[in-house]
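Let's walk through a protein together, one step at a time. Keep the sequence and the 3D view side by side as you read.

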Amino acid sequence: MRTTLACLFIFTLLLLPKLDAHAQTNTELEFLAIINEYRSLSEACWSGRDLIPWPSGSSKQLALSPALSVAAKQHNYAMIQTNCTLHTCPGELPLRQRVVVAGYPSNFGFMSENIAGGFETAVDVFDVWRQSQGHHLNMLNCWSHAIGISMVYEPNSLAWWYWTTDFSDIIDSGTPAPDPAPSPKNNGPKPLMEALDIDDNQIIGDKEIMNAISYWVSGTQVPGADQTIEDGVIDDLIDLWVMGEPIS
């Protein structure tokens, strides 16, 4: 089974064009202007649990990320080539892995994505996402500071116009981040809870529970811990998050 998936992944990569950092189209830049204006007028942002006032000192404006835009464009082509309208198409890496392959820093703390097909203009796709709760909250996320935007038009595809926007918290230059140096204190995997505790405060906060749920849903390993999150563990994490209790 793994051999079949590996072959499918390699085959899909061969079908997709090589995408380097590229200039954004006028349509993509229009979407950036629309979403930034919308965020600037909003008095609240999505914390992962509630709509709250914007954190003090936090910029509402999203910076365009070259690496996230490359990852977004790559995903559009994956959807086109495989007739797929999912966040991970056959033969494709999950979002959190493919953005790093595209050159985004691997130490990000938050990642989310909106996708759509069939909308020609930036206004059209923004309005559709604004009317969908999950997509809307992604666009108003408190922790988003960078955005990758891609719209690909393919007249021979099912939807013609394909959109992907990727959101994250690190404003990058598009240069791949170097691999982190190994810690001299611990050369092996971290305990799972320690790896999930991004800010090392012994508390599972909003960003951390969103990351944990993302790892659990996708079945990917938690970086640093080298293990996946089981159902019982995600239940415990949610309890800690809701109660605000420290990690034991």
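Which residue forms a salt bridge with R98 in which the closest N and O atoms are 3.7 Å apart? Before answering, keep in mind that this is a predicted model. The partner is E92, whose side chain forms a salt bridge with R98 at that distance.

Let's stay with R98 for a moment. You will find R98 in helix α4, which spans residues 95-101. R98 has a relative accessible area of 7%, so it counts as buried. E92 is also buried, with a relative accessibility of 14%. R98 has another partner as well: a salt bridge joins R98 to E113, with the closest N and O atoms 2.7 Å apart. That pair ties together distant parts of the chain, since R98 belongs to helix α4 and E113 to strand β4, 15 residues apart. Both R98 and E113 are buried. Put together, E92, R98 and E113 are linked in a network of salt bridges. In general, side chains of opposite charge can pair when their charged atoms come close. If you set aside the neighbours within four places in sequence, the contacts of R98 include A71, H75, H87 and T88. You can also look for V70, 28 residues away from R98 along the chain, with a C-alpha separation of 9.7 Å.

Now step back to the whole protein. The protein is built with 9 helices and 6 strands, and 41% of its 248 residues count as buried. Among contacts with a separation of 6 or more, 70% are between residues 24 or more positions apart. The structure holds 3 salt bridges. One of them lies in helix α5, where the side chains of R130 and D127 meet at 3.5 Å, N to O. R130 and D127 are 3 residues apart in that helix, so about one helical turn separates them. R130 counts as partly exposed, with 34% relative accessibility, and D127 is partly exposed too, at 26%.

Next, turn to the strands. In what order do the strands of the open sheet of 4 strands lie? The order is β3-β5-β6-β4, and the pairing is mixed. β3 and β4 stand at the edges with a single partner strand each, so one side of each has no neighbour in the sheet. Strands in a sheet pair through backbone hydrogen bonds, either parallel or antiparallel. Here, β5 and β6 run antiparallel and are joined by 8 bridges, and I147 has F167 in β6 as its bridge partner. β4 and β6 also pair in the antiparallel sense, over 7 bridges, with N114 opposite T165 in β6.

Take a closer look at β6. All 8 of its 8 residues are buried, so this strand is largely enclosed by the rest of the structure. W161, W163, T165 and F167 point one way from β6, while Y162, T164, D166 and S168 point the other way. That fits a general pattern: in a regular strand the side chains alternate between the two faces of the sheet.

From β6 you can hop to S112, which sits in strand β4, residues 111-117. The bridge partner of S112 in β6 is F167. S112 has a relative accessible area of 9%, so it is buried. The side chains of S112 and N138 are joined by a polar contact of 3.5 Å.

Which residues have the most contacts inside the largest nonpolar core? They are F31, I35, W129, M139, I147, W163 and F167, in a core of 18 residues. The elements giving two or more residues to this core are α2, α5, β5 and β6. A second, separate core has 14 residues, including A212, A225, I234 and I247. As a general rule, in soluble globular proteins nonpolar side chains tend to be buried together. To see the larger core up close, start from F31: among the residues F31 touches are V125, F126, W129, I147 and W163.

One last stop is E28, located in helix α2. E28 is buried yet has no salt bridge, and the nearest side chain of opposite charge, K73, is 5.9 Å away. The side chain of E28 does reach the backbone nitrogen of M151, at 2.9 Å.

Notes: Residues numbered from 1 in each chain as written. Predicted model: local features only at pLDDT ≥ 70, side-chain atom pairs only at ≥ 80, totals over all residues. Heavy atoms only, no water. Core = buried A, V, L, I, M, F, W, Y, C linked by side-chain atoms within 4.5 Å. Buried < 20%, exposed > 50% of the residue type's maximum accessible area, 1.4 Å probe, protein only. Contact = heavy atoms within 4.5 Å. Polar contact = N/O pair within 3.5 Å; in protein donor to acceptor, adjacent residues only side chain to side chain. Lys, Arg positive; Asp, Glu negative; His and termini not counted. Salt bridge = Lys/Arg side-chain N within 4 Å of Asp/Glu carboxyl O. Pairing = 2+ DSSP bridges.
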